[in-house]
Amino acid sequence: MEEYIISPHNPSLKRIRMLHHKKYRDVYGQYLIEGVKMVREAVEQGESIWALVVARGFDWANFKEQLDGDMDGLRVLIVEDELFAGICDTQTPQGIMAVINKKEYCLDELLCRPSFFIVVLDQIRDPGNLGTIIRTLDAAGGQGVVLLKGCADPYSPKVVRSTMGSIFRVPIYQVDEYIDFFNMLVQAKVHILVSHLHGSNLFEWPGGYDKTAVVIGNESEGVRRDICGFASSLVKIPMPGGAESLNASVAAGILIYEVLRKSR
């Protein structure tokens, strides 16, 4: 179903503009994706799409022919190029974007599984780091990312772009009461692996646990002290060179793949 939009006051365009703000992403349970690759992936993976938005100058007919996904009933808004540029977050729009309905995930269902591997992020505020960590966990086959209160919004345009499509595959859990959450991990007999400046050598950590949660804090403050009290293991990445710290997403990648390497 295709709709042609020429007015900047169109209600659908107003809603899309609102989704650039976290408040309205939470209210509507939706977020934006931009670009040919991301939109194609969303359609072909069967994401719940509220609407596709296409610039008039975009080769929509050719794009449709190349899609493998189901287009039946999909709402398509075709807008003037100037209007399209006004609702995009990128400086050089590719001419196509989509409004995606967020997925809902149940933390209790995850914790009841006999085995899993998740990453818990404590106050990771940089959108690029957050998106890269989600993408890395997707590559390693992890089962989810838990964001404690204070992290960047995983559905912001910058984070979504950084995931390169992994946002569609990695379950994201957002937790406000982190003490209750860690008590749940303990009760579920999860091995809580915390990255810490004074921890033991990561590469000497035995690994091989059925349930593992890797906890990573932000670069300036690290993991909060009360969270460290829940740790099954405190580990650090050896840094024999001159650097005092690693980028949070780089550190997360090393930890994630060490867990994968030592998994059963």
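**Burial and salt bridges**

Trainee: Why is D89 called partly exposed in this model?

Mentor: D89 has a relative accessible area of 32%, and since partly exposed covers the range between under 20% and over 50%, D89 belongs there. Bear in mind that the model is a predicted one.

Trainee: What makes D89 and R161 a salt bridge?

Mentor: The closest N and O atoms of D89 and R161 are 2.8 Å apart, and because the cut-off is within 4 Å, the pair qualifies. D89 sits in the loop between helix 5 (81-87) and strand 5 (96-101), while R161 sits in helix 8 (residues 157-163), so the pair ties together parts that are 72 residues apart in sequence.

Trainee: How do you know whether F182 is buried or exposed?

Mentor: The relative accessible area of F182 is 0%, and because buried means under 20%, F182 counts as buried. F182 lies in helix 9 (residues 178-187), where it touches V120, L148, I192, V215, I227 and F230, leaving out residues up to four places away in sequence.

Trainee: In the salt bridge between R261 and E258, which partner is buried and which is exposed?

Mentor: E258, at 5%, falls under the 20% limit and is therefore buried, whereas R261, at 58%, is over 50% and therefore exposed. Both lie in helix 11 (residues 248-261), three residues apart, which is about one turn of the helix. Elsewhere, K37, E41, D138 and R169 are joined into one network by salt bridges that share partners.

How values were computed: Residues numbered from 1 in each chain as written. Predicted model: local features only at pLDDT ≥ 70, side-chain atom pairs only at ≥ 80, totals over all residues. Heavy atoms only, no water. Helix = DSSP H or I, 4+ residues; strand = E, 2+ residues; numbered from the N terminus. Buried < 20%, exposed > 50% of the residue type's maximum accessible area, 1.4 Å probe, protein only. Contact = heavy atoms within 4.5 Å. Salt bridge = Lys/Arg side-chain N within 4 Å of Asp/Glu carboxyl O.
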